Amino acid sequence: MSSSNLTIQSAIKLNSGYEIPRLGFGVYQVPIEQAESCVREALTAGYRHVDSAVGYRNEAPCGKAILDFSSNKASSNAAAATSREQIFFTSKVRPLNLSYESAKTQVDATLSETGLGYIDLMLIHAPYGGPAARKGAWKALVEAVDAGKVRSLGVSNYGVHHLDELEAYIRELEAERGGAKGQGGVISVGQWEVHPWLPRDDIVSWCRARGIVVEAYCPVVRGERAGETVLQELAAKYGKTWAQVLIRWSLQKGHVPLPKSVTSSRIRENAEVYDFEISEEDMAKLETKEYAPCAWDPTTSPLDK
Ligand SMILES: NC(=O)c1ccc[n+]([C@@H]2O[C@H](COP(=O)([O-])OP(=O)(O)OC[C@H]3O[C@@H](n4cnc5c(N)ncnc54)[C@H](OP(=O)(O)O)[C@@H]3O)[C@@H](O)[C@H]2O)c1
């Protein structure tokens, strides 16, 4: 789809065959007692995709907000028309003590915490723990897909060296499980910190070549770049905020941005990015070639760590 046709309903077909909504709502550091109301506000504003993780400790209220909204307990017309199937929920296996067992246990725990019946997307949160840990966790997730517990799989914070290792392992696992295509699992999504000051061209190209969707975390750079001249100029030119310019940039790059906010006005603001288009010339002004993470950066971790 060309970026000028984007709407809040836009979705991309994944390698798994399922669809992922183009805009996600991130809930990292959303306190447990606020998460249910924040997710409800996001769903009311039109988001259909929630990005949580076992490590965020707020899966239960996210699940409750999704179930209430889709079972029509939320009092709005949008809620009345939305089924569970139309809301995409992501969780992530904790990066600590990664293993076959820990991944298997966490899928079951997420299902029981959220009550969602299935998890749309399960990611390995970070590539820590060495090859056996990463491969074991992947195998457990592949089995969870077969069991109908998870629909699509992916990884987060993997460097190209970790991705190459995973690709080779998928072929090995496929052979081990009988050789039928897909038996080793399918990478549908990768999630990384991506914004103009960390475009990650190498990882993005690796994913594009394989039809893997790139999710962009910290899409508004946690507010740290609000004062950049280029953002101020583009915000004034398009009559939007600097945050809306960054989210629109991410969408036009073909990514799935995951802005987080606990502030009602910002939750809505971050979804109001479909009434303007950044020109090619202005997109070029946002090409910085910098490598400046604002969060952690496990992509550089060596294979044996
Ligand atoms: N896989 C990973 O390792 C990983 C790592 C980090 C993040 N993530 C995911 O990506 C999501 C987003 O990343 P993030 O939360 O670190 O960063 P972010 O979305 O770039 O920034 C969130 C921060 O920016 C503020 N903010 C949001 N919208 C704003 C706006 N329109 N104007 C001004 N300030 C605004 C928020 O404030 P308020 O909340 O106070 O409004 C919050 O402090 C996370 O929630 C999580 O789901 C994944």
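Which residue has a side-chain N or O atom 3.0 Å from a nitrogen atom of the ligand? It is Glu 269, as the first legend sets out. The model is predicted: local features need pLDDT of at least 70, side-chain atom pairs count only at pLDDT 80 or more, and totals for chains, interfaces and linings use all residues. Residues are numbered from 1 along each chain as its sequence is written, and side-chain values use heavy atoms, with hydrogens and water left out.

**View 1. N and O atoms of the protein beside the ligand.** The side chain of Glu 269 places an N or O atom 3.0 Å from a ligand nitrogen. For Asn 270, a side-chain N or O atom is 2.9 Å from a nitrogen atom of the ligand. Val 27 instead brings a backbone N or O atom to 3.2 Å from a ligand oxygen.

**View 2. The shell around the ligand.** Among the 28 residues around the ligand (a heavy atom within 4 Å), Asp 51, Arg 222, Lys 260, Ser 261 and Thr 263 come nearest.

**View 3. The lining of the largest pocket.** The ligand sits in this pocket (more than half of its atoms within 2 Å of the grid points). A pocket is an open set of points on a 1 Å grid over the protein atoms alone, where a 1.4 Å probe fits, with protein on both sides within 12 Å along at least five of seven lines; lining residues have an atom within 4 Å of a point. The largest pocket holds about 760 Å³ of space (the volume filled by probe spheres set on the points). Of its 34 lining residues, Tyr 28, Gln 29, Cys 218, Arg 222 and Lys 260 are the closest to its centre.

Terms used: Polar contact = N/O pair within 3.5 Å; in protein donor to acceptor, adjacent residues only side chain to side chain.
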